[in-house]
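Q: Please look at the model below and explain how each term used for it follows from its definition.

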Amino acid sequence: MSDPLPETDREEVMARHRKEKKELQCKIQSMKKMKVDKKKKKEIQEEIANLEQEIEQRHAEELNRLNLSDAPEPSSNQPDTNGETNEESNVDTEKEEPRLSKAQRRRDKKAQDNRERDAQIKEEQAQLQKTSPRILENNRINEILIKRNMLTHSVPADGDCLYNAINHQLTQLGIGSYSVPELRSMAADYIEANRDVMICYMSHPDTGDMLSPEEFDKYCHQVRATKAWGGEIEIKALSTSLRCPIEVIQAVGPATVHGEDESANRKLVLTYHRHMYRLGEHYNSTKPMPPPSREEEADD
């Protein structure tokens, strides 16, 4: 029997195993990214399974031999007639080559099926995303803005999107800068001061009935002191209070403008998104499209 392998040799074997596994994973990733038909894809999956099984079996065999090399030498009083005992030992070693159990094969098959299912789910999600309502809506709004040499300016979806978008517009035009609480108070003050007019545009979200006096007061409190989402009522209130026309661009239907009688130089332009976030509607601001660079002008 051969002498036990030194510790350095064992470390080299283990390091080589790690390197080979890493190289195999890189190869498998490249194979999975190949664009092929269903028949070829199945063949590739079978080849991957074979490669994984082969490397696992080969590594197990090498580790088995490594462990056997560490076994103690037979004692001198053991019979060794014409080398028969050593030959029988070698035969036994060959017979003891590790084989994957049925349970291990089932686990490997299940892991492979899971990997294939995950890859298929990701592919389907990528296809769905290309035709999702959110993508289609954003594309349509961007088309409208580009024709007007404008781009979307995103604001956080935190319940204050309308007020942050309006403040961005006011600051951009040099009209002024207002905090969210200031704009909320301005809207609530206008709604309260014009109760008889504004209540005609307001209804209970569940019943559709006109708000009672108590419900109207509660609504105004929510506008003023909570993260309640702002909509058409608040846009109308702020347009009049700020003396600024507010135009809202949307993907479907014409843009709406509140305060058309106000100065066009003070117009604020927002975008309205129905599908941007799962939590509900969202407002963004807009900004002018930057002028072309010198390189782009030269290309033109």
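A: In this predicted model, the count comes to two aromatic pairs, where rings of Phe, Tyr and Trp (its six-membered ring) pair if their centres lie within 6.5 Å, and where planes under 30 degrees apart count as stacked, over 60 as edge-to-face and the rest as tilted.

Q: Why is the pair of Trp 229 and Tyr 283 called stacked?
A: The ring centres of Trp 229 and Tyr 283 are 5.4 Å apart, which meets the distance rule, and their planes are 20° apart, so the pair falls in the stacked class. Trp 229 lies in the loop between helix H9 (213-225) and helix H10 (232-242), whereas Tyr 283 lies in strand E5 (residues 280-288), so the pair ties together parts that are 54 residues apart in sequence.

Q: What makes Trp 229 count as partly exposed?
A: Buried means under 20% relative accessible area, exposed over 50% and partly exposed in between (1.4 Å probe, protein chains only). Trp 229 has 36% relative accessibility and therefore counts as partly exposed, while Tyr 283, with a relative accessible area of 2%, is buried.

Q: Why is the pair of Tyr 272 and Tyr 283 called tilted?
A: With 5.3 Å centre to centre, the two rings qualify as a pair, and the 45° between their planes is neither under the stacked limit nor over the edge-to-face limit, so the pair is tilted. This pair links distant parts of the chain, as Tyr 272 is in strand E4 (residues 268-277) and Tyr 283 in strand E5, 11 residues apart. Both tyrosines are buried, and together with Trp 229 they form one aromatic cluster.

Q: How do you know that H7 agrees with the expected span?
A: Helices (H or I, at least four residues) and strands (E, at least two) are DSSP runs numbered from the N terminus, and the expected span of a helix is 1.5 Å times one less than its number of residues. For the 14 residues of H7 this gives 20 Å, and the end C-alpha atoms are 20 Å apart, which agrees. Helix H6 (residues 161-173), with 13 residues, reaches 18 Å, close to the 18 Å expected.

Q: What makes H6 roughly perpendicular to H7?
A: The axes, which are lines fitted to C-alpha atoms over the stretch in contact, with angles from 0 to 180 degrees between N-to-C directions, come within 9 Å and cross at roughly 105°. Angles under 35 degrees count as roughly parallel, over 145 as roughly antiparallel, 65 to 115 as roughly perpendicular and the rest as oblique, and that makes H6 roughly perpendicular to H7. The contact (heavy atoms within 4.5 Å) is made by Tyr 163, Asn 164, Ile 166, Asn 167 and Leu 170 of H6 and by Val 180, Leu 183 and Arg 184 of H7. The buried residues of H7 also include Met 186 and Tyr 190, and the buried residues of this helix pack against H6, helix H8 (195-198), H9 and H10.

Q: How confident is the predictor, and over which elements is pLDDT lowest and highest?
A: The chain averages a pLDDT (the predictor's confidence in each residue, from 0 to 100) of 82, and 79% of the residues score at least 70. Helix H3 (residues 84-95) has the lowest mean among the elements, 48, and helix H7 (residues 180-193) the highest, 98. Over residues 71-89 the pLDDT is below 50.

Q: What rules lie behind these values?
A: Residues are numbered from 1 along each chain as its sequence is written, and side-chain values use heavy atoms, with hydrogens and water left out. As this is a predicted model, local features need pLDDT of at least 70 and side-chain atom pairs count only at pLDDT 80 or more, whereas totals for chains, interfaces and linings use all residues.
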